[in-house]
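I opened this model to look up its cores, a few single residues and its aromatic rings. My entries follow in the order I made them.

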Amino acid sequence: MSFNVGYVWRKTRLQASLVLFWGSAVFGLPAPDALAQTVAVQEGKVIYTDGAGKDHALTQQGLDQSATLSPDHRCIAFVRATPARWIDVGPGKAQATEIWIVRTDGTGAHRILSGRDSDKPEQALADMASLQFSPDGRLLYFKSKAWVTSDAVHAVDLKTGREHFVQDGNALDLLRSGPYAGDLLVRRHKHWLGGGSYDWVWLLDPEGHEIGAVGPDDETVDKFKRVFTK
């Protein structure tokens, strides 16, 4: 029996290419060159690095920060400072910052949220930071200044523009893989029943409901991620 090694190699390579193509097209996975795409902020400007390694300055105002790339690598969310606008929140004065979206080709820049004052700390929007896209790219989570002892986690629906309070929290991270993909890691300031307080990281579902305690320090959080985000 003859065995055509060249034919098998070419067929296997073709099958692999088809799997990669359909995986990218059907399941929304980034194309191979998109894996190298990154975003950074330099001197207040949003800098996008494409798959070829070329840098593109997408904003020029010198007021931008906290830029993050969407899961499909098509747009970037960022915070814009507002030096002339300040509001009162629990910790004191804070900038009424804005959240903007821009496509990676530099078009379509628009504001999606503006800072606002409120008598309710969980409804105020100020000094927004820690932007995190949900895995499907529909929601954008972020932190805002709120109480004296804690910030507030919010989310905005990028299709409807609806923004809502999620939970109190002083640190925010979003899990992108594993059994808890889409859930949040939030450091919350809580009080012991017998007096005193503590700041542990908790796993929350996308609506802000507690799933369970993760731990008190970065080492515990890193261990949790190693186990559950493989």
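Before starting, I fixed a term: a polar contact is a pair of N or O atoms within 3.5 Å, and within protein one of the two must be able to donate a hydrogen and the other to accept it. I also noted that this is a predicted model.

Entry, histidine 154. I found histidine 154 in strand S12, residues 152–157. Is histidine 154 buried or exposed? I read a relative accessible area of 0% for histidine 154, so I logged it as buried. I then looked for a polar partner: a polar atom of the histidine 154 side chain lies 3.4 Å from the backbone oxygen of glutamate 122. Beyond its neighbours within four places in sequence, histidine 154 has contacts that include Glu122, Ala124, Leu125, Leu140, Tyr141 and Phe142. Glu163, His164, Phe165 and Val166 are also among them.

Entry, cores. I looked up the largest nonpolar core and counted 13 residues. Among those with the most contacts inside it are Leu140 and Phe142, along with Ala77 and Ile99. Strands S5 (75–80), S8 (98–103), S10 (129–133) and S11 (139–144) each give two or more residues to this core. S5 gives the most, with three residues. I noted a second, separate core of twelve residues, which includes Tyr141, Ala155, Leu172 and Val186.

Entry, two loop residues. I placed threonine 82 in the loop between S5 and strand S6 (86–89). Its relative accessibility is 9%, so threonine 82 counts as buried. Leaving out residues up to four places away in sequence, I listed Gln95, Ala96, Thr97 and Glu98 as touching threonine 82. Glycine 90 is in the loop between S6 and strand S7 (92–95). I logged glycine 90 as partly exposed because its relative accessibility is 36%. Outside its neighbours within four places, glycine 90 is in contact with Ala146, Trp147 and Val148. I also took the C-alpha separation of glycine 90 and lysine 120, which is 9.9 Å for residues 30 apart along the chain.

Entry, rings. I found six aromatic pairs in the structure. One of them joins tyrosine 198 and tryptophan 200 edge-to-face, at 5.9 Å centre to centre with 80° between the planes. Tyrosine 198 is buried at 14% relative accessibility, whereas tryptophan 200 is partly exposed at 30%. Ring pairs also link Tyr180, Phe224 and Phe228 into a cluster.

Entry, charges over rings. I found arginine 80 over the face of tryptophan 100, 4.4 Å from the ring centre. The charged end of lysine 190 sits over the ring of tryptophan 202, at 3.8 Å from its centre.

Methods: Residues are numbered from 1 along each chain as its sequence is written. This is a predicted model: local features need pLDDT of at least 70, side-chain atom pairs count only at pLDDT 80 or more; totals for chains, interfaces and linings use all residues. Side-chain values use heavy atoms; hydrogens and water are left out. A nonpolar core is a set of buried Ala, Val, Leu, Ile, Met, Phe, Trp, Tyr and Cys residues joined through side-chain atoms within 4.5 Å. Buried means under 20% relative accessible area, exposed over 50%, partly exposed in between (1.4 Å probe, protein chains only). Helices (H or I, at least four residues) and strands (E, at least two) are DSSP runs, numbered from the N terminus. Contact means heavy atoms within 4.5 Å. Rings of Phe, Tyr and Trp (its six-membered ring) pair if their centres lie within 6.5 Å; planes under 30 degrees apart count as stacked, over 60 as edge-to-face and the rest as tilted. A charge sits over a ring if NZ of Lys or CZ of Arg is within 6 Å of the ring centre and within 35 degrees of the ring normal.
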